[in-house]
Amino acid sequence: MKTKYIFVTGGVCSSLGKGIACSSIGAILEANKFKISMTKIDPYLNVDAGTMSPFQHGEVYVTDDGAETDLDLGNYERFTNVSLKKSNSITTGQVYNEVINRERKGDYLGKCVQVIPHITDEISRRIKETGKDTDVSIIEIGGTVGDIESIPFLEAARQFQIEIGKENVLYIHLTLIPKIKANDELKTKPTQHSVQKLREIGIQPDILLCRIDQEMSIPMKKKISLFTNVEEEAVISAVDITHSIYQVPISFNEKGLTLVLLKKLKLPVKNGNLHIWEKLIKIIKNPKYYKKIAVVGKYIDLNDSYKSIYEALSHGAIENNTKLEIVKIKSEDLTSVNIKSLLKNINGILIPGGFGERGIEGKILAAKYARENKIPYFGICLGMQIMVIEYARNILQFAKANSTEFDSQTPYPVISLLEEQEGIDYMGGTMRLGNYKSKVFTNSLIHSAYKKAAILERHRHRYEFNNNYKKQFINNGLKISCITDDILIEGVEWTNHPFGIGVQFHPEFKSKPFCAHPLFRDFIKASIKHKSI
Ligand code: GLN
C-alpha cells in the first residue's frame, strides 16, 4: 500500500486545538491498526523551538534524538505510539538553511534559486521522508490560513496531490463556529471565509472539523456543505470537551470522523474500537481521592509553558484514581512571610525545569519547606539543582551556595558548567539534549519506581551537579541514586523523608495517559499519603 498523507490546516483563529485534533486523528487511525507518523510544520524562521521563550511560545518539547520542538509533538507522543524524531519537526528556518547551503555549494548549477520550486521541493522532500514505512502520515501545518509565512507550505501541500495521486492525499481544515452572545446565535460565516481563503491557494478541503460549543444542527451542516463544497457527512462538529482532552478521539469517532476518514482515504474498515480511551475517561470521571499539588515555577502565567508537566501529573493521578487540583505558584511571589499560607493544604510540591535567575530564591524556599515539613517533593531538572543548592546552604552550611548560572562568583558553585559548555557562543542546539542512559542504584526511591538498573531519559540542560562536592553531600545524607557514565549525577534524594526526589532529566516527556511515568505515579502515590498542613 502506498503511504497516504493527511494535511491538517487551521482557519479563523489560533488556539482551536489543532494539535489535539491531529493527535486524536492519529489515535483513531492507530485504533484501526494503521501504522502512522506525525509531523508538525512550524512556519517561523527559527530553526527549532529551542531558542524561544516559554513565556510566549509555551514549553519546548524534546524528542529522544534531542530535537527541541513545538509542544504539539508532545501531544502526538501522548495520544499515539509514534516515536518522534528531528525529521518530524519542520520549520521555515530549517528549509531555508538547507536550500541556502546547497546554493552556496553550487548545487543548483547556475539556476536562479526561488521559493517555487526550490523551497517547495525541499518541503516536499521532507514531507515524503515522514511517510517512509507508514500507512498514513499526518502533517499539521501550524498557524492560520492566510498567514504570509505558511504560503510555501500550503503550496507544497497542494502540489503533493498532483504528485502522489488524489486518492493518497487528504486535506482536513479546522475552523471555528462562534456564538454571538447577544442573541445566542451560532455563525458559519468565518468558516465559509476560511475555506474560501484555502481554495484561493488551490486547496479544496475534504473534511471540515468545526469547533463549536454544541452539536451543529442538520440545516447548519447543509449550509456549510453548500458554501464550502465539502460533503455533508464530512462536516464534523468538534464539540468543546468538558472533562479531559483524552475525550476528543471518542468524540470525533461518535461524530462520524472515523468512517469518513477511512472512506476518503480508501482504507479498509478494520473494526477498530476506542475501548481503552473509554476506560480511561471512566477512571478520570470517577476519582477516589482529591489532592492538591503545588507547581512552583517561573512561567506560571501561561498554561502551555509546563504542558508536559501538567499532563504527566494528570497521568500519575489517573493511575492513582485521583483528581488533582494543581495550585500554580509563581516562584518570584513566594517569600518566607507568605510561604505557609501559599502552601497551605498542599499534598505535594513540584519544581519544574527553567532558565535564568528570576524566582530562584522562592524555589529554594519551597524546597526547604518541603524538606523540613516532609511534604512530597519532586524536582525536575532545575528543580533538582534547586534541591542541591538548598541542601548546600541549609545542611552543609555553605552560605551563598548557588549554581554558576545565577551567581558566577558564588563561593560554593554546587551546580556548574561542564568544561565543554564553557565559552559556547551559539545558544541553539548546544545543551545536553535528548536521551542519555543512566544507572540507577538499588535501595533508592528512584529504583523502586522504575524497578530497573538502567534507564533512558531525555535531557535539556547546560549545568550539572558539581562532583567536587559529591562526598560532602553524601556524608551529610543526600543520596545519589542515579548517574550517567559514572560521572554525571542524574538523581538525588533526601533521606529521612517520605518522598524527596530530584532528577536532572525530564521524565514528563515520556509519560502517557495509559502508562504514567513511574516517578510521577509514585509522586502522586506519596502525595495521597501525605496529611496536608
Ligand atoms: N537552567 C538549568 C540548566 O541549564 C536547568 C535547565 C532545565 O531545567 N531544563 O542546566
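So, aromatic pairs: a search through the whole structure, which is a predicted model, turns up 19 of them. Let me pick one out. Phe-55 and Tyr-299 pair up edge-to-face, with 4.9 Å from centre to centre and 80 degrees between the planes. And where do those two residues come from? Phe-55 is in helix α2, residues 54-57, while Tyr-299 is in the loop between β12 (289-297) and α12 (307-319). That puts the partners 244 residues apart, so this pair links distant parts of the chain.

Okay, on to the ligand. Which residues surround it? Going along the chain, you've got Gly-353, Gly-354 and Phe-355, then Cys-381, Leu-382 and Gln-385, then Glu-405, then the run Arg-460, His-461, Arg-462 and Tyr-463, and finally His-506. Sort that shell by class and you get four nonpolar, five polar and three charged residues.

Now look at the backbone in that run. A backbone N or O atom of Arg-460 is 2.8 Å from a nitrogen atom of the ligand. At Arg-462, a polar backbone atom lies 3.0 Å from an oxygen atom of the ligand. Tyr-463 also brings a polar backbone atom, and that one is 2.8 Å from an oxygen atom of the ligand. How much of the ligand gets covered up? On its own the ligand would expose 290 Å², and the protein buries 98% of that.

As for the site, the ligand takes up the space of the second largest pocket. Two elements each give two or more residues to the shell: α15, which spans 382-394, and β19, which spans 454-461.

Last bit, two backbone details you can go and find on the screen. One is a peptide bond: going from Ile-116 to Pro-117 it is cis, with omega near 10 degrees. Pro-117 belongs to helix α5, residues 115-130. The other is Lys-33, where phi is near 70 degrees, a positive value in a residue other than glycine. You'll find Lys-33 in the loop between α1 (18-31) and β2 (36-42).

That's my tour, happy to rotate things around.

Technical notes:
Residues numbered from 1 in each chain as written. Predicted model: local features only at pLDDT ≥ 70, side-chain atom pairs only at ≥ 80, totals over all residues. Heavy atoms only, no water. Near = heavy atom within 4 Å. Polar contact = N/O pair within 3.5 Å; in protein donor to acceptor, adjacent residues only side chain to side chain. Areas by Shrake-Rupley, 256 points an atom, 1.4 Å probe, with all protein chains shown as cover. 1 Å grid on protein atoms, 1.4 Å probe; cavity = no way out; pocket = protein on both sides within 12 Å on 5 of 7 lines; lining within 4 Å. Sits in = over half its atoms within 2 Å of the grid points. Helix = DSSP H or I, 4+ residues; strand = E, 2+ residues; numbered from the N terminus. Nonpolar A, V, L, I, M, F, W, Y, C, P; charged D, E, K, R; others polar. Phe/Tyr/Trp six-rings, centres within 6.5 Å; stacked < 30°, edge-to-face > 60°.
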